[in-house]
Amino acid sequence: FSFVYSRISSSDQLYTEPKFIVCKSCLYQLIDRGPVCGLACDVTCTQIGTLISTTQHCSNCEYQRKWSSQPLIGNIPAGNIHLSAAVYFSGASFSKTDRVLSSLRLASISTTTFYRHVQQFIQPVIMTFWSRQQTTILQSIAERSGEVVIGGDMRADSPGHCAKYGSYTMMDLGSSRVIDIQLIQVIP
């Protein structure tokens, strides 16, 4: 496996670029000596979820450098948001994902942080995207000549479960595209 280093210029590129697991001892091999004098440096590390940030200071030659394993989006490490999005969009359980990451002793985010990211960033993005898609679909239906055939279906029961809640889906049968989905309470 090899790759060519290139500077990241957009958040899309940041999301799609490869990410790596790096052991702390290997990271220290890169930063424990000053690049100017080659002597031992004082190194401090700060961790915020998946981010590690280091400050390197050489008291001999006064060399200083700050480095972070990932950029920030606002004041939030990009990897933290990416982890939340990857878990949510894949349909995985955060608790199971967290167990896997913990077993590997891989730095991660807390359950609280995951759900905060979902509420503040991920669900609003999904709803905005869906709203735009829905508007586009409805506009194409309105502009279409001829008859429009719409079908609907409701799912309110699973074997062995209560049928108190259900989802109703409306679809444009001409384009086979979902127009709307509503979650409803079934009244007996």
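This passage walks through helix α3 and its surroundings, one salt bridge and a few residue pairs in a predicted model.

Residues are counted from 1 along each chain as its sequence is written, and side-chain values rest on heavy atoms, with hydrogens and water left out. Local features need a pLDDT of at least 70 and side-chain atom pairs count only at pLDDT 80 or more, while totals for chains, interfaces and linings use all residues.

Helix α3 is a handy place to start. Helices here are DSSP runs of H or I with at least four residues, strands are runs of E with at least two, and both are numbered from the N terminus. With 13 residues at 1.5 Å a residue, α3 should span 18 Å, and its end C-alpha atoms are indeed 18 Å apart; the expected span is 1.5 Å times one less than the number of residues. Much of the story of α3 concerns burial, where buried means under 20% relative accessible area, exposed means over 50%, and partly exposed is in between (1.4 Å probe, protein chains only). In α3, the buried residues are Ala78, Gly79, Asn80, Ile81, His82, Leu83, Ser84, Ala85 and Val87. After the helix comes glycine 91, with a positive phi near 80°.

Two of those buried residues, Ile81 and His82, turn up again at a pocket. The second largest pocket has 12 lining residues, and those nearest its centre are Tyr15, Ile81, His82, Ala85 and Val125. Two or more lining residues each come from α1 (11-16), α3 and α5. The space in this pocket amounts to about 330 Å³. Pockets are found on a 1 Å grid over the protein atoms alone, as open sets of points with protein on both sides within 12 Å along at least five of seven lines; a lining residue has an atom within 4 Å of a point. The volume is the space filled by probe spheres set on the points, which are joined across faces, edges and corners.

On the outside, Tyr88, Phe89, Ile126 and Met127 make a nonpolar surface patch of about 380 Å². Helices α3 (78-90) and α5 (111-143) are the elements giving two or more residues to the patch. Patch members have over 30% relative accessible area and no salt bridge, and nonpolar side chains (Val, Leu, Ile, Met, Phe, Trp, Tyr) are joined within 5 Å. Areas come from the Shrake-Rupley method with a 1.4 Å probe. Isoleucine 126 sits in α5 and is partly exposed at 31%.

As for charges, the count comes to 1 salt bridge, defined as a side-chain nitrogen of Lys or Arg within 4 Å of a carboxyl oxygen of Asp or Glu. Aspartate 172 pairs with arginine 144, their closest N and O atoms lying 2.5 Å apart. Aspartate 172 is in strand β7 (residues 165-172) and arginine 144 is in the loop between α5 and β6 (150-155), so the bridge ties together parts 28 residues apart in sequence. The aspartate is buried, at 0% relative accessible area, whereas arginine 144 is partly exposed at 29%.

Some C-alpha distances round things off. Glutamine 47, in strand β1 (residues 42-48), is exposed at 51% and lies 9.6 Å from serine 108, with their positions 61 residues apart in sequence. Alanine 40, exposed at 52%, is 8.7 Å from asparagine 60. Valine 148, in the loop between α5 and β6, is separated from arginine 65 by 64 Å.

Key: Patch = residues over 30% accessible without salt bridge, like charges linked within 9 Å, V, L, I, M, F, W, Y side chains within 5 Å. 1 Å grid on protein atoms, 1.4 Å probe; cavity = no way out; pocket = protein on both sides within 12 Å on 5 of 7 lines; lining within 4 Å.
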